[in-house]
Every structure is written in structure tokens, then in C-alpha cells.
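Let's take a walk through a molecular structure together. Have a first look at it, turn it around, and then read on.

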2 protein chains.
Amino acid sequence: MPKPITFGQFLRESRESKVAADRGFSLRKVAERVGIEPSYLSKIERDEQPPPGEGVIRQLAVELSEDPDVLLAMAGKVSSDLLAIIRSRPRLFADLIRQLKNLPDHAVLRLVREVRDGSW
Amino acid sequence: MPKPITFGQFLRESRESKVAADRGFSLRKVAERVGIEPSYLSKIERDEQPPPGEGVIRQLAVELSEDPDVLLAMAGKVSSDLLAIIRSRPRLFADLIRQLKNLPDHAVLRLVREVRDGSW
DNA sequence: ATGGGTGTGTAGTAAATACTACACACATGC
DNA sequence: GCATGTGTGTAGTATTTACTACACACCCAT
């Protein structure tokens, strides 16, 4: 297994990869746009503090052009809209997700596409 | 819509439906088997306190022979094993679940069965 | 009338969550 | 050499989560 990258590391790398080309990606600037204190973001990026709440993570995803679901996953969370969908039909979705647990990506992707393309 | 039943109401009804036939389903006895204080269970059943944590909910499900996923959903939660599955492949599962959001039950059920019966 | 069982009221606590506010030290450009 | 911008250190706070401990009042059976 490739060593698991932490939420903070990922954020820092994403941000630093952009700050060279655009000075608007300094820690302070990003923190301001996101709406949090710079010191807070600093601690998060160094994994000194646990990841922030969903709202802040979503803002960070926007600012850094990252996938919100991936960022949330790294933070040990799952998007609240997905939770709501599952809660609306718990048995159905619980069964399905557990069935899919060990299926390879391509098989699940096939499902996604079939559903989307409406062969239903 | 039929008025939404609360977590506490559901628990109380489930327990009281059993206590007539089996005195082991008194609030105190159930609380003891579950491993919580009777006063705590009392407050939960009357929705005076928010629902307990996942572990206690699972114990309640066992004692009352209810579906854990349904009970968790009523408590506004989602089973932690499902969360772990989603977090392991966030983009894949996020896409899939959002696709299925508005599909009728029978269509999702068909998916579940097809996957289970391994036409894959 | 008392002992065991019932549910409930009151009062608390420990830990986690999600942050803020401000000061500090360093660097860099003008 | 001073302002401006950089990241970081320290010290806190409010809210939520997840409960415990114990006392009280009622019922009913012996």
C-alpha cells in the first residue's frame, strides 16, 4: 500500500502547488477566502488540529479545486447529502452498499453508467 | 405523508408491544441488558434526550429485534461500516448514491439482486 | 404495611467538536 | 529601516455528544 496521505498533508501540497504561480494561494489568503483564521488553517495543514467541519472542507475544496467528496473522505467524513439519501431508505441503501463493498471499481462504474443512461 | 414517527416513539412502541407477553421487556430490564441507566432510556423513549450513540442503538436493535440500519436512520445516523465503505472509494460511491437518489425502490432492489446473484 | 418492581425528575460530568483572537518571528521589497 | 506579508505559537471558548448517579413517587402482591 502507498503510505496513506493525511488530510493536512494533502491540503498543504495542493495549496503549495498553486502558490508558485498565483500569490493568491498563500495560507492567509486562502484562509480569508474560506472564512477561517490563518492560524487555524496552519494547524490543520500540519495535522496539528483535526480536520474542520463539512462547511469549511467544502469551501477549501472550492478554493483549491479539489473534489469535495475526496476531501471529506480524507477527513474521515461523508457528505451530509449522501447521508440523507441513505437515511431516507436505510435498508435499501445499506444492502446495496454492503453488496458493492468488494466489487472492483469497473463493475461499480458500469452500474453507475447503466443507471445514468437509463436502460431502466 | 404519514406523520413522521420519532426515534423515541418507535422505541417505546416496540418495547411496549413486547412487555405484555414478556415481563423482561420493562424499561428497566431492557436498559440493564443494553447497559445504560433506566432514566436515560426513559428520556430517550420520550424524546426528551437526543438518541444515543451507535453502540447503544445497536444493542437496542438486538434487544428489540429491530433493524439496526432503520433504527440508526431514525436517529439521524448512518452505520459506521457503511461510512467506511463510502470513504474507501468516495467518488465512486458518491456518484452512485446520487444517481440512485430518485430511483424507485424496485429498480434499486433489482440492482441489489443482480449484483448478489453475480451476473457479473 | 412493606418489599420489590415500575417509570421519571434532577443534577451533574467527561470528552469531543469546531472553532476565535491575538501576538510573535522571519523575510522581502521599496 | 519600515511596512507589508508570511507562517506559526499560545491560550482560550461555545456547543454538542453521550452519557451516569441517585432520589422520588407510584403500584401491587404478600
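The paragraphs below go from one chain to the pairing of two chains and then to the DNA.

Before we start, keep in mind that this is a predicted model. Begin with chain A. Its domain assignment gives domain 1, covering 7-78, and domain 2, covering 89-116. If you take the centres of these two domains over their C-alpha atoms, 30 Å separate them.

Now bring in the partner. Where chain B meets chain A, 41 residues of chain B are in contact with 40 residues of chain A. How can we put a size on such a meeting? The size of an interface is often given as the accessible area lost when the parts come together. For chain B and chain A, that buried area is about 3,900 Å², and 74% of it lies on carbon and sulfur atoms.

Charges and polar atoms take part as well. There are six salt bridges between chain B and chain A. You can look for a salt bridge between the side chains of Arg98(B) and Asp69(A), with a distance of 3.0 Å from N to O. Between the two chains, 14 residue pairs are in polar contact, both residues being at pLDDT 80 or more. Which helices of chain B supply at least two residues each to the side that touches chain A? They are H5 (68-74), H6 (80-88), H7 (90-100) and H8 (105-116). H7(B) gives the most to this side, with 11 residues. Sorted by kind, the residues on the side of chain B that touches chain A are 23 nonpolar, five polar and 13 charged.

Next, turn to DNA strand D. Of the 23 residues around this strand, the ones that come nearest are Arg12(A), Arg28(A), Ser39(A), Ser42(A) and Gly53(B). Among the atoms of DNA strand D that come within 4 Å of the protein, 49% belong to sugar and phosphate.

Some single contacts are worth finding on your screen. Arg15(A) has a polar side-chain atom 3.3 Å from a phosphate oxygen of DNA strand D, and an N or O atom in the side chain of Ser26(A) is 3.0 Å from a phosphate oxygen of the strand. For Lys43(A), the partner is a base oxygen of DNA strand D, 2.8 Å from a polar side-chain atom.

Which helix gives the largest share of the surface near DNA strand D? That is H3(A), with four residues. By kind, the residues of this surface are six nonpolar, seven polar and 10 charged.

Terms used. Residues numbered from 1 in each chain as written. Chains lettered and ligands numbered in written order. Predicted model: local features only at pLDDT ≥ 70, side-chain atom pairs only at ≥ 80, totals over all residues. Heavy atoms only, no water. Contact = heavy atoms within 4.5 Å. Buried area = accessible area lost by both parts, 1.4 Å probe. Salt bridge = Lys/Arg side-chain N within 4 Å of Asp/Glu carboxyl O. Polar contact = N/O pair within 3.5 Å; in protein donor to acceptor, adjacent residues only side chain to side chain. Nonpolar A, V, L, I, M, F, W, Y, C, P; charged D, E, K, R; others polar. Domains from an automatic or database assignment. Near = heavy atom within 4 Å.
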